[in-house]
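Student: Could you take me through one part of this model up close? I'd like a helix, what it packs against, and the charged and aromatic side chains around it.

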Amino acid sequence: MTDHGPTREELPLPDYDHLPITGLGHRIRSLDLDQLRVVIEYEETHARRVPALQVLQTRASELEAGAEPSGGDPSALAPELSPAPSAGSPVSPATAPGPDIPPTESDEAKPPMRG
């Protein structure tokens, strides 16, 4: 570690800087207390986001009280980081709507729309 806290390369979550706060709690559940302390120190010396620190410190308290890290790989692809869907439209001539339906007599009797 450096005098300015851990570097991004030292984090147990390689994509930490890109994690939304809403997904942070799930991603840190597999970290042990030492790994979590590295993330806390990184947050304190870099972004200092209060909501992130609250999530991290709450989890640290749980681990200190005897909670166990959950299984899983903290660097695994998370839903918030999943690839974007492929481009293109599922519409094809086979699935396109049919030709326009001509107006009926009741449609012709309606007053014209003004706009």
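Tutor: Here is a walk along helix 2 and its surroundings.

First, the ground rules: this is a predicted model, in which local features need pLDDT of at least 70, side-chain atom pairs count only at pLDDT 80 or more, and totals for chains, interfaces and linings use all residues. Residues are numbered from 1 along each chain as its sequence is written, and side-chain values use heavy atoms, with hydrogens and water left out.

Helix 2 covers 33-45. Helices here are DSSP runs of H or I with at least four residues, strands are E runs of at least two, and both are numbered from the N terminus. With 13 residues, helix 2 reaches 18 Å from its first C-alpha to its last, close to the 18 Å expected at 1.5 Å a residue (the expected span is 1.5 Å times one less than the number of residues).

Start at the beginning of the helix. There, a side-chain oxygen of Asp 32 comes to within 3.1 Å of the backbone nitrogen of Asp 34. That is a polar contact: a pair of N or O atoms within 3.5 Å where, within protein, one must be able to donate a hydrogen and the other to accept it, and where residues adjacent in sequence count only if both atoms are side-chain atoms. Asp 34 also has a partner for its side chain, as it meets Arg 37 in a salt bridge at 3.9 Å, N to O. A salt bridge means a side-chain nitrogen of Lys or Arg within 4 Å of a carboxyl oxygen of Asp or Glu, and by this rule the count comes to seven. Arg 37 and Asp 34 are three residues apart in helix 2, so about one helical turn separates them. As for accessibility, Asp 34 is exposed at 56%, while Arg 37 is partly exposed at 42%. The cut-offs are relative accessible areas under 20% for buried and over 50% for exposed, with partly exposed in between (1.4 Å probe, protein chains only).

Now turn to the buried side of the story. Leu 33, Leu 36, Val 38, Val 39, Ile 40, Tyr 42 and Glu 43 are the buried residues of helix 2, and they pack against helix 3. In soluble globular proteins, nonpolar side chains tend to be buried together. The largest nonpolar core here has 18 residues, of which Tyr 16, Leu 24, Ile 28, Leu 36 and Leu 56 touch the most other members. Such a core is a set of buried Ala, Val, Leu, Ile, Met, Phe, Trp, Tyr and Cys residues joined through side-chain atoms within 4.5 Å. Helix 2 and helix 3 (50-64) are the elements that give it two or more residues, and helix 2 supplies the largest share, six residues. Leu 24 is worth a click: leaving out residues up to four places away in sequence, Leu 24 touches Tyr 16, Leu 19, Ala 52, Val 55 and Leu 56 (contact being heavy atoms within 4.5 Å).

Next, the aromatics. A search of the whole structure finds one aromatic pair. Tyr 16 and Tyr 42 make it, edge-to-face, at 5.9 Å centre to centre with 85 degrees between the planes. For the rule, rings of Phe, Tyr and Trp (its six-membered ring) pair if their centres lie within 6.5 Å; planes under 30 degrees apart are stacked, over 60 edge-to-face, and the rest tilted. Tyr 16 sits in the segment before helix 1 (21-27) and Tyr 42 in helix 2, 26 residues apart, so the pair links distant parts of the chain. Both Tyr 16 and Tyr 42 are buried.

Then there's Glu 43, also in helix 2 and buried, with a relative accessible area of 1%. The Glu 43 side chain has two links to Arg 49: a salt bridge with the closest N and O atoms 2.9 Å apart, and a reach of 2.8 Å to the Arg 49 backbone nitrogen. Arg 49 itself is partly exposed at 26%. Beyond neighbours within four places in sequence, Glu 43 is in contact with Tyr 16, Arg 48, Arg 49, Ala 52, Leu 53 and Leu 56.

Finally, look across to helix 3, where you'll find Glu 62. The C-alpha atoms of Glu 62 and Leu 33 are separated by 9.5 Å, with their positions 29 residues apart along the chain. Glu 62 forms a salt bridge with Arg 59, closest N and O atoms 3.0 Å apart, and Arg 29, Arg 59 and Glu 62 are linked in a salt-bridge network. Glu 62 is partly exposed at 32%, whereas Arg 59 is buried at 3%.
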